[in-house]
Amino acid sequence: MTVTNAYSGASTNCVVNDRGPYVGGRILDLSPASFANIAPLGQGLTQAVLHWQ
């Protein structure tokens, strides 16, 4: 899937490996390396747009 930061437009391609556990208000948990491609790691959370390929 492609995950795009809704604010900056930065994107990264990811492989979905797991679907849980679920945390309220979150739909996707990225690896630190993937998250660093779309936002600073210290930010912790961001709004994103998901595209399945």
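**Notebook: Ser 34, the largest pocket and the nonpolar core**

I looked up Ser 34 first and found that Ser 34 is buried, with a relative accessible area of 14%. I count Ser 34 as buried because 14% falls under the 20% cut-off. The model I am reading is predicted.

I then placed Ser 34 in the secondary structure: this residue lies in helix H1. Leaving aside residues up to four places away in sequence, I recorded that Ser 34 touches Thr 12 and Cys 14.

Cys 14 led me to the largest nonpolar core, of which Cys 14 is one of eight residues. I listed the others as Met 1, Val 3, Leu 30, Phe 35, Ile 38, Ala 39 and Leu 50. I note the general background that nonpolar side chains tend to be buried together in soluble globular proteins.

I next checked the contacts of Leu 50, again not counting residues up to four places away in sequence. I found that Leu 50 touches Met 1, Thr 2, Val 3, Ile 27 and Leu 28.

I turned to the largest pocket and noted a volume of about 1,000 Å³. Its lining comprises 31 residues, and I recorded Arg 26, Ile 27, Leu 28, Asp 29 and Leu 30 as the closest to the pocket centre.

Which elements each supply at least two residues of this lining? I entered helix H1 (32–38) and strand S3 (48–51). H1 gives the most, with four residues.

Finally, I sorted the lining of the largest pocket by class and obtained 19 nonpolar, eight polar and four charged residues.

Definitions and conventions:
Residues numbered from 1 in each chain as written. Predicted model: local features only at pLDDT ≥ 70, side-chain atom pairs only at ≥ 80, totals over all residues. Heavy atoms only, no water. 1 Å grid on protein atoms, 1.4 Å probe; cavity = no way out; pocket = protein on both sides within 12 Å on 5 of 7 lines; lining within 4 Å. Points joined across faces, edges and corners; volume = space filled by probe spheres on them. Nonpolar A, V, L, I, M, F, W, Y, C, P; charged D, E, K, R; others polar. Core = buried A, V, L, I, M, F, W, Y, C linked by side-chain atoms within 4.5 Å. Buried < 20%, exposed > 50% of the residue type's maximum accessible area, 1.4 Å probe, protein only. Contact = heavy atoms within 4.5 Å.
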